[in-house]
Amino acid sequence: MRVPNSVVLPVGTHVDCCRKEEVERKRHDIMAKIAAMLVERKSNLAHFINNLEGSEEPEFYVDQWERLKEMESCTLTILNLVAVNCTDHRDIKKLEATILEHVKNEELFPEVIRVLPPVYRQVEAAIVDIAQSEEMADHGMMDLQYLLSKLSQWEHLANLDRELLQDILRYLHHIGLVVWYEEIKHLESTVFLQPTFLITMFRLLVRYQLVQQLESIS
């Protein structure tokens with residue numbers, strides 16, 4: 001909801017635990033709840049913005065107002081939910097095909113037809129090599145300046161500068177090859193070359209019924 005022009009594909013798992021009629025009912029219910037959530041979000045943002053604009057001293061709330069207006073301008077496209085049985089390889093292939101079909105949709109992703117300079121592909125290939133090398137730690141975290149020095153060891157990337165690398169990292173972050181939180185002060189100098197490590201960490205820290213699980217420990 002905070003990412004400009006974001007596209008979300010809801011995926012429902014554990015289809016094998018439901019009857020066929022249940023799957024359709026749950027699919028309809030989930031999509032209805034998402035639609036209601038978006039309507040409520042739009043209403044809440046408008047309410048907060050109006051409150052700030054109508055306050056006695058609105059100049060004190062300029063930063064908050066700008067953030068709310070920015071969030072209000074973020075468009076969010078919700079695609080139809082895909083229901084899958086994760087134990088069935090055919091369903092995984094079906095999900096893969098659905099994702100690829102949407103990604104190739106130029107209306108959803110205008111950048112799919114973007115022509116990139118050759119250096120983008122060269123840096124991407126080099127980063128993949130670094131991430132897969134034996135010296136790379138499992139967490140895949142690397143200092144931005146150290147990454148630049150490693151990339152500069154490639155003969156065709158010897159003239160790569162920090163500014164160009166940052167532009168390329170924004171693109172690679174956008175397509176999901178790496179994760180780089182440049183907008184977070186404490187993380188702006190760290191590049192995650194193994195995004196799957198973050199997913200594993202989030203799965204451990206943010207999980208269903210976590211509070212109940214912790215309370216059950218004597």
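**Exercise 1.** Work out why cysteine 86 has no bond to its closest cysteine sulfur.

*Solution.* Start with the cut-off: a disulfide is a pair of cysteine sulfur atoms within 2.5 Å. Now look at cysteine 86 in this predicted model. Its closest cysteine sulfur sits in cysteine 17, 9.9 Å away, and that's too far for a bond.

A quick word on the ground rules: the model is predicted, so local features need pLDDT of at least 70 and side-chain atom pairs count only at pLDDT 80 or more, while totals for chains, interfaces and linings use all residues. Residues are numbered from 1 along each chain as its sequence is written, and side-chain values use heavy atoms, leaving out hydrogens and water.

**Exercise 2.** Count the disulfides, then check cysteine 17.

*Solution.* With that rule, the count is zero disulfides. Cysteine 17 is in none: the nearest cysteine sulfur, in cysteine 18, is 6.3 Å off.

**Exercise 3.** Sort cysteine 17, cysteine 86 and glutamate 70 by exposure class.

*Solution.* First, the classes: buried is under 20% relative accessible area, exposed is over 50%, and partly exposed is in between (1.4 Å probe, protein chains only). Cysteine 17, at 57%, is exposed. Cysteine 86 has 48%, so it goes down as partly exposed. Glutamate 70 comes in at 52%, so call it exposed.

**Exercise 4.** Find how far glutamate 70 lies from leucine 169, in sequence and in space.

*Solution.* In sequence, the two are 99 residues apart. From C-alpha to C-alpha, glutamate 70 and leucine 169 are 23 Å apart.
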